Amino acid sequence: GSDVLIPYEEIGGGEEYLLRKSEDMSGNLDLMAWAVPAGTDGSDDIPQLRPGDVMSDIYRRLEPVTRVTEDCYPTECYLHIGRVTTGETLEGETWHEIGMNYSECRVEVNITDSNGTFSRPGSDPGVIVYGTMTMMDIDGHGVGSPAAVHAELASPPGDGVAFTTGRIGVMPSSGGQTVSVAVKDGEQVLETLTVPASALPAGAVSGGLIIFEYTLNAPEFTIIVDGFRQNIVII
């Protein structure tokens with residue numbers, strides 16, 4: 001494997017970037033692109049390749065809260081990835097377009113607290129996202145161990161009713177996992193929002209977006225997946 005750092009101004013607006021063919025650019029060619037938004041500190045998320053590295057050795061990992069548990073912090077959703085696999089001849093020009101999408105699955109949890117539960121002294125609102133994995137391989141599959149992804153719930157100053165995690169990044173689910181969100185205040189779980197497999201058959205997927213909307217103490221919650229809204233009764 002080899003890598004090339006391309007400044008955005010050379011490819012912004014759909015500009016083409018020229019790579020000169022060499023002996024290692026023929027046969028089965030795997031083109032992988034990583035990108036982070038300008039002005040962010042997400043460049044540390046870009047995998048660093050060394051000579052001899054292969055794609056199957058590249059993984060994304062969540063940062064653990066401790067060394068001995070699967071409790072993890074979410075990512076900040078900076079990294080975008082794109083991949084094209086093609087058969088390439090050494091002779092002649094070819095052109096490849098690499099479409100980019102978010103690396104992780106983005107999750108957003110929005111809570112309406114009409115009764116002031118989270119405004120009480122000492123309250124510590126947050127969520128734990130279950131049903132995803134601690135790692136993701138280069139093909140976008142969830143691997144590693146089942147993760148418990150912790151995130152805070154915050155409200156704009158002076159609001160005290162609308163709380164949100166904002167967009168957080170989790171690794172994809174593995175086969176058979178069911179995605180759920182535990183809404184908590186400190187260590188006390190107030191409600192668990194479990195998405196049935198029929199509503200989210202593949203679980204969390206690389207590049208996906210799952211938005212949870214819930215009013216504390218309500219009998220149902222809403223998920224929005226790819227723009228489609230589903231109301232789910234809490235059992």
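**Reading a buried charge, two cysteines and a surface patch**

Modeller: Asp-185 is buried (under 20% relative accessible area, with exposed over 50% and partly exposed in between; 1.4 Å probe, protein chains only), yet it has no salt bridge (a side-chain nitrogen of Lys or Arg within 4 Å of a carboxyl oxygen of Asp or Glu). The nearest side chain of opposite charge, Arg-120, is 6.1 Å away. This is a predicted model: local features need pLDDT of at least 70, side-chain atom pairs count only at pLDDT 80 or more, and totals for chains, interfaces and linings use all residues. Residues are numbered from 1 along each chain as its sequence is written, and side-chain values use heavy atoms, without hydrogens and water.

Biologist: Which side chain does Asp-185 join in a polar contact?

Modeller: A polar contact is a pair of N or O atoms within 3.5 Å; within protein, one must be able to donate a hydrogen and the other to accept it, and residues adjacent in sequence count only if both atoms are side-chain atoms. Here the side chains of Asp-185 and Ser-123 are joined at 3.1 Å.

Biologist: How many disulfides are there?

Modeller: A disulfide needs two cysteine sulfur atoms within 2.5 Å. The count here is zero. Cys-77 is in no disulfide, and the nearest cysteine sulfur, that of Cys-105, is 8.8 Å away.

Biologist: Is Cys-77 buried or exposed?

Modeller: Cys-77 counts as buried because its relative accessible area is 10%. Cys-105 is buried too, at 1%.

Biologist: Why does Ile-11 count as partly exposed?

Modeller: Because its relative accessibility is 33%.

Technical notes. Lys, Arg positive; Asp, Glu negative; His and termini not counted.
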